[in-house]
Amino acid sequence: MPYACIYVPNFPVTALLRAEPELRMQAVAVLEGKSPLEKVFAVNEKACSLGIAPGMTKAQAELCSELSLRPRSALQESNTHAALLDCAQSFSPRVEDAACDTALIDLAGLESLFGPQPAIAHSIFRSATDMGLVVHVAVSANADAAMIAARGFSGVTVIPSGKEAEQLGSLPVEVMFSGGLNDSQKDDRQKNDKQKDEQKKESYRLLETLDRWGVRNLHALAALPEVALSERLGQEGLRLQQLARGSAPRTLVPVELPLTFEEALELEYPIILLEPLAFLLNRLLEQLCARLAAHALYAQELRLTLELDNGMEADYELGISFENHGIPSESNTSHREQESDSPTQNGSHTQLFSSGWQNRFCRTLRLPQPMLDPRLFLKLLQLDLNAHPPGAPIIKIHLAAEPARPRSAQGGLFLPPAPEPEKLELTLARIAGIVGENKVGSLELLDTHRPEGFRLRRFVAETEKHKLSATHKLGVDQKLNFHSWSSDTAETKSAVTALRLFRPPLRAAVTLHDGQPARVVCTKRKEVQGDVLWKAGPWRASGDWWEHEAWAHDEWDIALQNENSMALYRLVHDLLGGGWFVEGSYD
């Protein structure tokens, strides 16, 4: 059964360069420890060529003017480790999290999908490179042999079955002791510090013993007699010999991780302008979309969290929907669910809430359909941040995506063409940036008798499935009601009078006679004035008397005689305010 190993050499430096790719051509050193006791923890090849080595103090490293110093970031290493597992799981669900810098893949059954083993190895290498990782990939019939080859050989290595001892023989024995901690040990470092020290001491003792014997590489270790080796080093010596021969038995332990897609970036200096922020967001979005594509998933929602350099917190939540009931912090899910059921008015506004979390500015971008376009996401975030700037310097960026399956839709032959959801969403966001968020969307009627009782909701185009089902339902209704429609030919052929509303309604001066309108004068429109020749009404309507915005009015249909002809209008009397308005004209 073939296995593939993905190894990230110099993991702390690789995690840093993934977040800051502009440093790849420079000499870089990663510092660890608290000031002023910081020491060099890891360096890249260019820094090593300048004489920088792990263990140097920060003061010693600063003497090199060509060296770029960066602190070690546990956040960047965590994101890089998650990207490593995403790359491995994009090829097979059977993946073992061997260490923070190593992943093992079971390649059984993949040849029919990706081709022979060399092609699979190169595909894994390209996928890791697309995610910003510098990796070594090795393929072997033995899992441990693949891991040792990945740690010892650069690039892509494919070991034929039965040639493990021959291929690994030239590697130094130190490669077998370079493995990292497993995932459980990595999560509980403080508890296992004593165990780690004991393991290191045991590894140094074994290396010192092998060095005294003159065993420098794996070929020499594999050639030692088993009985004599067991008498001197015990079972651990036999295990090391099996590793050197590539014949150590091993059972792959697949890891099951939740599908969480997050990217974060800690800034060395605060950012004030939105242009450099957009540059960093573009990098994070590309990495996030690459990880989503590795799992064949799209993004349904994006959550941007900016850590600000001030002592206040502003938490916002925007659903490109322009419907914001109440925006709590991301951690306060119960409050979010409670607020989501509260009603809104005709024009909803983003509200400001304060919470226990400090220095955070949060924006949530809800998409009408799952999408996977980093350029589109960047443009939407830019438009949103232009309308709602953070208001303080930014020192940390966190971006998370809610995964969803890609949409599958097929256009109908007899349905009108619809715009692409990506372009439509971007167009609506641009319009909202010009006219305002509360003036863009689709109308939703409210459960009230109040005239023009509606609110704006997020516009979501109907899917083809819903259109087809609606068309099918309409066809069934037409068949069921065919006879009833045909019997009402007289009614269907009758004329229909339409009311053309004035927006806003025209204020009018009304002369009453016996409590009924006798003459109407509208100063804004000279044609809407004259004596009332005919009237019908009043029709009284009222509602919402239990709220502050109660309403009550009388409606009249009137005919006015002007200079040239006669016209029909809708006249409304506001009973609470006392004003008269001409609401519209009849065509």
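**A first chat about this predicted model**

In this predicted model, residues 24 or more positions apart make up 64% of the protein's contacts with a separation of 6 or more.

User: What does the secondary structure of the protein come to, and what share of the residues count as buried?

Analyst: The secondary structure comes to 19 helices and 21 strands, and 41% of the 587 residues count as buried. About 33000 Å² of the protein is exposed, with carbon and sulfur atoms supplying 53% of that area.

User: Okay, the sheet with E2 in it: in what order do the three strands stand?

Analyst: The order is E3-E2-E4, in an open sheet whose pairing is mixed. Strand E3 (39–43) and strand E4 (67–71) are at the edges with a single partner strand each, so one side of each has no neighbour in the sheet. On average, and ignoring direction, neighbouring strands of this sheet are turned by 40° against each other.

User: In which sense do E2 and E3 pair?

Analyst: Strand E2, residues 27–32, pairs with E3 in the antiparallel sense over four bridges, and Leu31 stands opposite Val40 in E3.

User: And which strands does helix H1 touch?

Analyst: Helix H1, residues 11–19, packs on the sheet and touches E2, E3 and E4, with its direction at about 115° to that of E2.

User: Switching to H6, how many residues does that helix have, and how far does it reach?

Analyst: Helix H6 (residues 117–130) has 14 residues and reaches 20 Å from its first C-alpha to its last, which is close to the 20 Å expected at 1.5 Å a residue.

User: Which of its residues are buried?

Analyst: In H6 the buried residues are Ile120, Ala121, Ser123, Ile124, Ser127 and Ala128. They cover an arc of only 160° around the axis, and this places them on the same side of H6. Among the elements these buried residues pack against are strand E1 (3–7), helix H4 (74–89) and strand E7 (136–140).

User: What follows the helix?

Analyst: H6 is followed by Gly132, which has a positive phi, near 85°.

User: Last one, Lys396: where is it found, and is it buried or partly exposed?

Analyst: Lys396 is found in strand E13, residues 394–404, and it counts as partly exposed because its relative accessibility is 22%, while buried would mean under 20%.

User: What is Lys396 in contact with, beyond its neighbours within four places in sequence?

Analyst: Lys396 is then in contact with Leu75, Leu265, Glu266, Leu267, Thr305, Leu306 and Glu307. The C-alpha atoms of Lys396 and Pro270 are separated by 8.2 Å, although these residues are 126 residues apart along the chain.

How values were computed
Residues numbered from 1 in each chain as written. Predicted model: local features only at pLDDT ≥ 70, side-chain atom pairs only at ≥ 80, totals over all residues. Heavy atoms only, no water. Pairing = 2+ DSSP bridges. Helix = DSSP H or I, 4+ residues; strand = E, 2+ residues; numbered from the N terminus. Axes fitted to C-alpha atoms, helices over the stretch in contact; angles between N-to-C directions. Contact = heavy atoms within 4.5 Å. Expected span 1.5 Å × (residues − 1). Buried < 20%, exposed > 50% of the residue type's maximum accessible area, 1.4 Å probe, protein only. Arc of directions from axis to C-beta. Areas by Shrake-Rupley, 256 points an atom, 1.4 Å probe, with all protein chains shown as cover.
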